[in-house]
Amino acid sequence: MGEVQGQGYIGQALGAADLLAVSYFHAMTYRPQDPEWEGRDRFYLSIGHYAIALYAALIEAGVLPEDEIGTYGMDDSRMPMSGMAAYTPGMEITGGSLGHGLGIAVGAAMGLKRKGSDAFVYNLMSDGELGEGSTWEAVMSAVQWKLDNLICLVDFNDQQADGKTTDALAAGPQAPQWAAFGWHAQEVDGNDLNALTAAFDTARNLPDARPRVIICRTKMCKGVPFLEAREMAHFVRVEPEEWAKAIAILDEGKPV
């Protein structure tokens, strides 16, 4: 998809690929042919610019057809560069105005509980959103309403548009901060499939009536060493001749 457009949030997509894989192919309940099935777990992409990563997961899951992959970012495509619910099956919300996703997820989790639904709401947000006041209002309200059907996933890649997240408003261990508000908090290597699987299982099976968060420490451009080495990777520049080289590296390391 990135090669088609010559651009995209590749660094974030590669970094978040593992946590998306565990979400869609280990943890979540859904019906690929019926993306609006009422009994489904909801996946909210607060970080709308990560849409390229979620499209890949939705294609692998069978929600989106693979033959549309070449339309990414084009006029009339169902896969715009920033995720929009009105365009894409399986895209639950229109994210992108950062700091709002968790609040929307809180409202959805409350609604599902009132309906007596067993479905979970997953909210994927960025570490940069930890600097938004609206995020912490949502954190507090989720505890107030005992939303044990809410699992927040924080992609902590320590990279914002202008520099490191830890140089802004998210320094130090994150799990204790969430725990202090009353959440069940785990902090894991977000590129370790075994660690992620265990963390998701713990979050889903926790008997406590409180929301759960998994802080996923990820690496930008994971799996492509020559891109990993680039210091500024928020919108990483990939030269025309580098796309095929990057794909070849990823193919070589792909599990059998």
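This tour goes through the pocket, the nonpolar cores and the cavity of a predicted model.

**Largest pocket.** Start by selecting Leu14, Ala17, Ala56, Glu60 and Leu250, which lie closest to the centre of the largest pocket. The space here comes to about 1600 Å³, and 38 residues line it. Next, colour helix 1 (2-5), helix 2 (10-27), helix 3 (51-61), helix 7 (193-205) and helix 9 (242-252); each supplies at least two residues of the lining. Helix 2 gives the most, with 10 residues. Coloured by class, the pocket lining shows 25 nonpolar, six polar and seven charged residues.

**Largest nonpolar core.** Now select Tyr24, Phe43, Leu45, Leu54, Tyr122, Leu153 and Ile214. These have the most contacts inside the largest nonpolar core, a set of 51 residues. Centre the view on Phe43 and show its surroundings: leaving aside residues up to four places away in sequence, Phe43 touches Leu20, Ser23, Tyr24, Met28, Leu54, Glu92, Tyr122, Leu124 and Leu153.

**Second core.** Move to Ala108, Ala109, Cys152 and Trp178, which are among the 28 residues of a second, separate core. In soluble globular proteins, nonpolar side chains tend to be buried together.

**Cavity.** Return to Tyr24, already selected as a residue of the largest core, and add Tyr30, Pro35, Gly90 and Glu92. These five lie nearest the centre of the largest cavity, which has 13 lining residues. What classes do the residues of this lining divide into? Seven are nonpolar, one is polar and five are charged. The cavity holds about 110 Å³ of space, and the structure has one cavity of 30 Å³ or more.

Definitions and conventions: Residues numbered from 1 in each chain as written. Predicted model: local features only at pLDDT ≥ 70, side-chain atom pairs only at ≥ 80, totals over all residues. Heavy atoms only, no water. 1 Å grid on protein atoms, 1.4 Å probe; cavity = no way out; pocket = protein on both sides within 12 Å on 5 of 7 lines; lining within 4 Å. Points joined across faces, edges and corners; volume = space filled by probe spheres on them. Nonpolar A, V, L, I, M, F, W, Y, C, P; charged D, E, K, R; others polar. Core = buried A, V, L, I, M, F, W, Y, C linked by side-chain atoms within 4.5 Å. Buried < 20%, exposed > 50% of the residue type's maximum accessible area, 1.4 Å probe, protein only. Contact = heavy atoms within 4.5 Å. Helix = DSSP H or I, 4+ residues; strand = E, 2+ residues; numbered from the N terminus.
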